[in-house]
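I opened this notebook to record what I looked up, residue by residue and then at the level of helices and domains. The entries follow the order in which I consulted the structure.

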Amino acid sequence: MKVKDHHGLELTGASAAAAGLYQKALDAYHCYAGDAMTPLAAALSESPGCVMGYVLQAWMTLIGSNAETAAMGAQAFAVAKDLPGANAREQGHLAAIGSLLAGEVRTAARLLEDVNLAWPRDVLALQVGQTLDFLLGDARMLRDRIVRVLPAWTADTPGWHAIQGLLSFGYEEAGDYARAEACGREAIALQPRNNWAQHGVAHALLMQGRHADGVRWMRHENEAWQAEAMLGVHNWWHTALFHIGLGETEEVLRLYDGPIYGAATTFSFDMVDAAAMLWRLKLAGVDVGDRWAGLADNFAREPAGLSAFVDTHAMMAYVGAGREAQARALLETQSAALNGPGDNAYFVREVGQPAIQALHAFGQGRYGQATDLLRGLRGKHHRFGGSHAQRDVLDLTLLSAARLSGDDSLHAALLAERDGAQPLTTPKTPAIAA
Ligand SMILES: [Fe+2]
């Protein structure tokens with residue numbers, strides 16, 4: 001008889017001991033906190049035929065990482081797909097991983113949707129599925145993927161905090177800030193280390209312009225998320241956004257040099273956050289010293305043309321560091337990516353290429369061109385993924401470009417728009433190009 005997890009889901013190829021170790025790793029992954037890799041390696045050492053062990057390893061390493069770590073995920077998939085006896089749920093995960101490796105993000109997201117239609121208590125499929133919805137900028141599914149499994153859950157089901165954390169971000173991206181905050185706070189009350197729930201509340205506060213509340217939430221009300229945080233860079237990035245909202249740019253630089261990018265990794269999600277933070281400071285006229293150079297070097301170490309969202313942030317770094325040759329090479333890579341494999345060709349065509357051209361134009365002082373390109377993107381820039389908070393950097397760039405191009409009417413209109421409809425990051429410091 002096959003071993004089952006605490007939701008009654010079969011774990012092919014796992015001993016009882018391996019199942020316990022797998023669950024420990026999964027619990028850490030649900031929180032994005034603690035050491036997931038050590039118990040996962042022990043589980044696979046104990047049961048080398050444990051399909052879900054390799055599945056978890058692949059999901060943990062393939063998204064938002066760097067080429068070296070993603071290769072580990074590809075290797076885990078190569079092993080898992082040839083293991084005997086995988087059940088239908090496990091085959092669903094494997095098919096989704098295969099699609100992601102082929103760059104077919106939309107197909108991968110749909111396949112995990114199907115896994116959860118049949119197994120609504122598969123939290124791994126829900127969590128990764130929401131991450132894929134994030135890569136697709138699919139605000140509706142960020143919420144609905146989670147909401148639709150609720151009939152299979154009660155508050156005493158193991159992992160309820162993870163569901164509440166997922167709901168928090170889903171509701172926030174759908175614009176329901178009250179429910180987002182309530183779900184996130186409920187999750188944190190159950191599991192204070194849940195970085196995703198901490199993050200959902202941060203988003204909800206940011207979107208309401210509650211910057212002081214945000215600092216309190218991230219740094220005082222709950223600090224348990226901070227230790228061994230897999231999501232640490234991003235949650236500190238959110239903390240820094242609140243400080244920007246308060247005009248506290250020295251603290252932002254301190255956080256940048258510390259938990260945001262002090263470790264200077266080449267993980268794509270880390271570099272995205274680092275670039276977005278420096279770009280926001282640039283727009284606010286803050287001198288960031290030589291910080292752009294190291295970040296530009298790290299972007300250049302990784303392959304381009306795989307993610308329009310990541311490449312857009314690489315362009316920020318190249319412009320910020322004054323790397324014209326690298327900027328031009330990236331423009332050429334985008335042109336080639338238009339005809340490349342997978343969904344990235346769509347992301348590039350819809351958003352990535354004009355966004356990258358706009359940032360390059362902005363860097364060269366062609367503000368009118370940057371304005372035109374960014375105005376064309378406003379209604380659809382969610383199509384290349386990310387959150388509202390992350391994509392706001394494009395709106396902020398448009399605000400600066402409009403002003404610097406001398407289009408005072410547009411600039412005034414955009415400012416009024418932010419005050420009236422989007423209080424999230426209206427700059428406290430005047431937007432100027434540095
Ligand atoms: Fe976020």
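**Entry 1: Gln198**

I began with Gln198, which I located in helix 11. I note for all entries that the model is a predicted one. I then asked whether Gln198 is buried or exposed. I counted 31 other C-beta atoms within 10 Å, and the threshold for a buried residue is 20 or more, so Gln198 is buried. Leaving aside neighbours within four places in sequence, I found Gln198 in contact with Ile188, Asn222, Trp225 and Asn235. I also looked up Cys31: it is 167 residues from Gln198 in sequence, yet the two C-alpha atoms are 9.6 Å apart in space.

**Entry 2: His199**

I moved to His199, which lies in helix 11, residues 195–207. His199 has 24 C-beta neighbours inside 10 Å and therefore counts as buried. Not counting residues up to four places away in sequence, I listed Phe169, Leu231, His234, Asn235 and His238 as the residues that His199 touches. Asn235 is thus on the list for His199 and on the list for Gln198. I checked the separation of His199 from Val51 as well: they are 148 residues apart in sequence and 30 Å apart from C-alpha to C-alpha.

**Entry 3: Arg291**

I looked up Arg291 and found it in helix 16, residues 291–301. This residue is charged by class, and I wished to know whether Arg291 is buried or exposed. Arg291 is buried, because 21 other C-beta atoms lie within 10 Å and 20 are enough. Beyond residues up to four places away in sequence, Arg291 touches Tyr256 and Leu278. From Arg291 to His203 I recorded 88 residues in sequence and 26 Å in space, C-alpha to C-alpha.

**Entry 4: positive phi angles**

I next looked at backbone angles. Most residues other than glycine have a negative phi. Tyr32 is not a glycine, but its phi is positive, at about 50 degrees. I placed Tyr32 in the loop between helix 1 (16–31) and helix 2 (37–46). Tyr32 is buried, with 25 other C-beta atoms within 10 Å.

Ala264 likewise is not a glycine and has a positive phi of about 50 degrees. I found Ala264 in the loop between helix 14 (249–260) and helix 15 (268–283). Is Ala264 buried or partly exposed? It has 14 C-beta neighbours inside 10 Å, so Ala264 counts as partly exposed.

**Entry 5: the largest nonpolar core**

I asked which residues touch the most other members of the largest nonpolar core. The core has 143 residues, and those I noted are Tyr22, Ala25, Val55, Leu56, Ala275, Met277 and Ala317. Domain 1 (1–148) and domain 2 (264–434) each contribute at least three residues to this core. In soluble globular proteins, nonpolar side chains tend to be buried together.

I then took Tyr22 by itself. Apart from residues up to four places away in sequence, Tyr22 touches Leu11, Ala14, Leu40, Ala43, Cys50, Met52, Gly53 and Leu56.

**Entry 6: helix 20 against helix 21**

I examined the pairing of helix 20 (residues 367–377) with helix 21 (residues 388–404), whose axes come within 8 Å and cross at roughly 140 degrees. I recorded the crossing of helix 20 and helix 21 as left-handed. Helix 20 makes the contact through Tyr367, Ala370, Thr371, Leu374, Arg375 and Leu377, and helix 21 through Leu394, Thr397, Leu398, Ala401, Ala402 and Leu404. By class, the residues of this contact are 9 nonpolar, 2 polar and 1 charged.

**Entry 7: the two domains**

I finished with the domain division, which gives domain 1 (1–148) and domain 2 (264–434). Their C-alpha centres lie 32 Å apart. How many residues of domain 1 are in contact with domain 2? I found 14 residues of domain 1 in contact with 16 residues of domain 2. On the side of domain 1 that touches domain 2, helix 6 (105–118) and helix 7 (123–136) each supply at least two residues. Helix 7 gives the most to that side, with 3 residues. I sorted the residues of that side of domain 1 into 7 nonpolar, 5 polar and 2 charged.

Notes. Residues numbered from 1 in each chain as written. Predicted model: local features only at pLDDT ≥ 70, side-chain atom pairs only at ≥ 80, totals over all residues. Domains from an automatic or database assignment. Contact = placed C-beta atoms within 7 Å. Helix = DSSP H or I, 4+ residues; strand = E, 2+ residues; numbered from the N terminus. Axes fitted to C-alpha atoms, helices over the stretch in contact; angles between N-to-C directions. Left-handed = near helix turned anticlockwise from the far one by under 90°. Core = buried A, V, L, I, M, F, W, Y, C linked by C-beta atoms within 7 Å. Buried ≥ 20, exposed ≤ 12 C-beta atoms within 10 Å, placed from the backbone.
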